[in-house]
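Thanks for passing this one along. Here are my notes, as numbered points you can check against the coordinates.

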Amino acid sequence: MTSTELRIIEEEQKINKINEEIRSLESQISNDYLEPMLAKQEQFQLIKHHEHGDNSAEGLRHLSITQLNNKSEAINQQIQELTKLNTFKTNLEEIEQLLSNLRLSINSLLDLQHLSHLFKQIQDIPSTNYMIYKQIIRKVASLHITFVDHLNKYLKLILPDEFTILHASIIGDFNQFITKNGYNLSIYADYRTKWDELIDRLFSICEVKIVKDEEEETEIKEVEGTDFITSLINFVTFINRINHAPIKNYLNSKISKLVAGQLFKNVEEIIDNQEQIKQLNELMKLCEETNWNFLNKIEGSGTIEERLNKLHLDRIIDDYVGKIKHVLNASSFAELKDIDEVVEKRGETKTSNDTDWDESWDDGWDEEEEETKDPQESKNIGDSQKQDKIKVSQVPEDLEQLFKQFSAYSNDIWYLTTTIKALALVQYPSLTFSFVMYNDFIKLSQITGDESLVSFMNSNWNQIMLGFIQELKTLISTLDLESEVNMEDEILDDYNLNQLSLIYKWFQDLFETKQFRQTNFKKFQQLVIELIDFANNWILQLIFTIEDISENQCILYSLLIENLNNITIPILGEIGVSKDSIDSFNKSNNVKFLLNNHLKDIMDRFYQGELFDLSTSELINIIKSIFIPSEIRDNYINEIIEFRNMS
């Protein structure tokens, strides 16, 4: 007998043995259970021996070794599937039997735990498309629903309703069991909703009392009343005995949203009631021992009395913040009254430029250079006492009464002044229109002694001032410094005249369309002086940037300076300010002189000390721009540098 024939005989023996094992398994699985399912799957049908021609010894002789191995592996896989099915069948039968025979009592917890263990053993059902597995999955799901229903019924034995605990020693183990296995019970969901609603009522119309307090049984009752502190103690004690973390965490969050407001609303009554203080201390101790943190909403540290005192002050602050809002919302800023000027510490109004030339020289002008004063420059504005008045609203007076009342509780007015600052920017006329808000804040600073009000207002006014300066800078920058001038008539071109008229109109708007002058004349004077001083200096800066100035441009720049002076000097006259009090006019006059005179005349003026307000670099740069390079020019420049350095 050849080796191949011997191998075939060995394989036939293996297959026969496998067939015997299959027949043995078939005898163990009842036809009534498997037949309906196996009939729908070709690979699990009950097949007669004569229909398996390939499994017969005669048929196997014609298969190769590879085919025989494949057939063996397929049979082994089928055996494994059948083994799994047998395990599922055994567990399912046990689950069905336990569920059908289960008579729930308080001692059924071990049975429920065992059922849970059996469900875990059949949870890894293969994800194949065999119909039998789909039916098993549906069967398991149906049984699991029945099991969870038993869990809910068991919970009802412990908690028959949301007010009663019957078996305190069991509930902890049961909750640990359902939490560990992730069971979400509908009874707990229903109770949670009812406890949520009870908390709402607890803070408004009812109280919670403990009517039964025994080792195994606890019962609470809802009654009419308003003692929410004692009710919280009783309710927290009851929930602690239920000992279910998800419920506790949810209710803790719910109470947190309400307790601070309730304490805030009743703080004046509580703080004067030692019995309620004692109850709060008891509640705080209970929360600390059992890990409830809803009282953390009461800010601060220390004893409950200290925290309540802070809460009481917070309530007072909140009340006065509301009163401040009412004052500002109800104020009519159309009705103003005159008061004496409020003195604010500030720097000199006069604006000057730092230079590296600060010798004391005669401030007089050469007679040939002195301009004729405009009659409006010294125009009388009116009675000096009227100019010392400023206009304020009723707000400072109304708020002064509130600050006096608040001082009985606290000297810390930060919250009040912060509220005023926030609302003022919305309620007051804009700082771009009048000084009413500025005046009121300076007055309020005097009343309260709070310098932050002045700082706040100065900061806002500085922003407004920067806006004005930017507008004026834009207008002046539109002047054409390259335009041609009629050398004979020395008249500006139409474009520049039009731009200068826009500058004039811009200044007129400050007087005519805004309420600066009427509400704080001296502050308005300061505003106008700073704007005119900026206008003078900015046009000079534009001229200083020109590297090569022609004869035509010398005339053009002189005319621009003169025409700008023709706008600004009368404006100063309207507010009773002399141009001689503003350094930039003298500097402009010196630049005009440089543009229209020879080097010798310039040096004579220099040694007379008239060019003190031009820095060395400004003086040298403009001389270089006007005069062509020459030995005499360079010598004069060196003289200026040496003289300035010597000084």
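1. Strand 2 and strand 3 (residues 218-224) are joined by 7 bridges and run antiparallel. If you would like one pair to look at, take K209, whose bridge partner in strand 3 is K221. Please keep in mind throughout that this is a predicted model.

2. These two strands belong to an open sheet of 3 strands, ordered 1-3-2, with antiparallel pairing. Strand 1 (164-165) and strand 2 (206-213) are at the edges; each has a single partner strand, so one side of each has no neighbour in the sheet. As a general reminder, the strands of a sheet pair through backbone hydrogen bonds, in either a parallel or an antiparallel manner.

3. What lies across the sheet strands? Helix 9 (residues 228-242) does, covering strand 1, strand 2 and strand 3, and it runs at about 50° to strand 2.

4. Stepping back to the whole protein, the secondary structure amounts to 25 helices and 5 strands. Of the 647 residues, 43% are buried. Among contacts with a separation of 6 or more, 74% are between residues 24 or more positions apart. The accessible surface is about 35,100 Å², and carbon and sulfur atoms contribute 47% of that surface.

5. Now to the aromatic rings: searching the whole structure gives 27 aromatic pairs. In one of them, Y607 and F643 have ring centres 5.4 Å apart and planes at 85°; planes over 60 degrees apart count as edge-to-face, so this pair is edge-to-face. Y607 belongs to helix 23 (residues 599-607) and F643 to helix 25 (residues 631-646), so the pair ties together parts 36 residues apart in sequence.

6. Is Y607 buried or exposed, or something in between? Its relative accessibility is 36%, and buried means under 20% while exposed means over 50%, so Y607 counts as partly exposed.

7. There is also an aromatic cluster that deserves a look in your viewer. Its members are F435, Y438, W461, F468, W506, F507 and F516.

8. Finally, two places where a charge sits over a ring. K323 has its charged end over the ring of Y320, at 4.5 Å from the ring's centre. R605 lies over the face of F593, and here the distance to the ring centre is 4.3 Å.

Key: Residues are numbered from 1 along each chain as its sequence is written. This is a predicted model: local features need pLDDT of at least 70, side-chain atom pairs count only at pLDDT 80 or more; totals for chains, interfaces and linings use all residues. Side-chain values use heavy atoms; hydrogens and water are left out. Rings of Phe, Tyr and Trp (its six-membered ring) pair if their centres lie within 6.5 Å; planes under 30 degrees apart count as stacked, over 60 as edge-to-face and the rest as tilted. Helices (H or I, at least four residues) and strands (E, at least two) are DSSP runs, numbered from the N terminus. Buried means under 20% relative accessible area, exposed over 50%, partly exposed in between (1.4 Å probe, protein chains only). A charge sits over a ring if NZ of Lys or CZ of Arg is within 6 Å of the ring centre and within 35 degrees of the ring normal. Two strands pair if DSSP finds at least two bridges between them. Contact means heavy atoms within 4.5 Å. Axes are lines fitted to C-alpha atoms, for helices over the stretch in contact, and angles run from 0 to 180 degrees between N-to-C directions. Accessible areas come from the Shrake-Rupley method with a 1.4 Å probe; for residues, only the protein chains shown count as cover.
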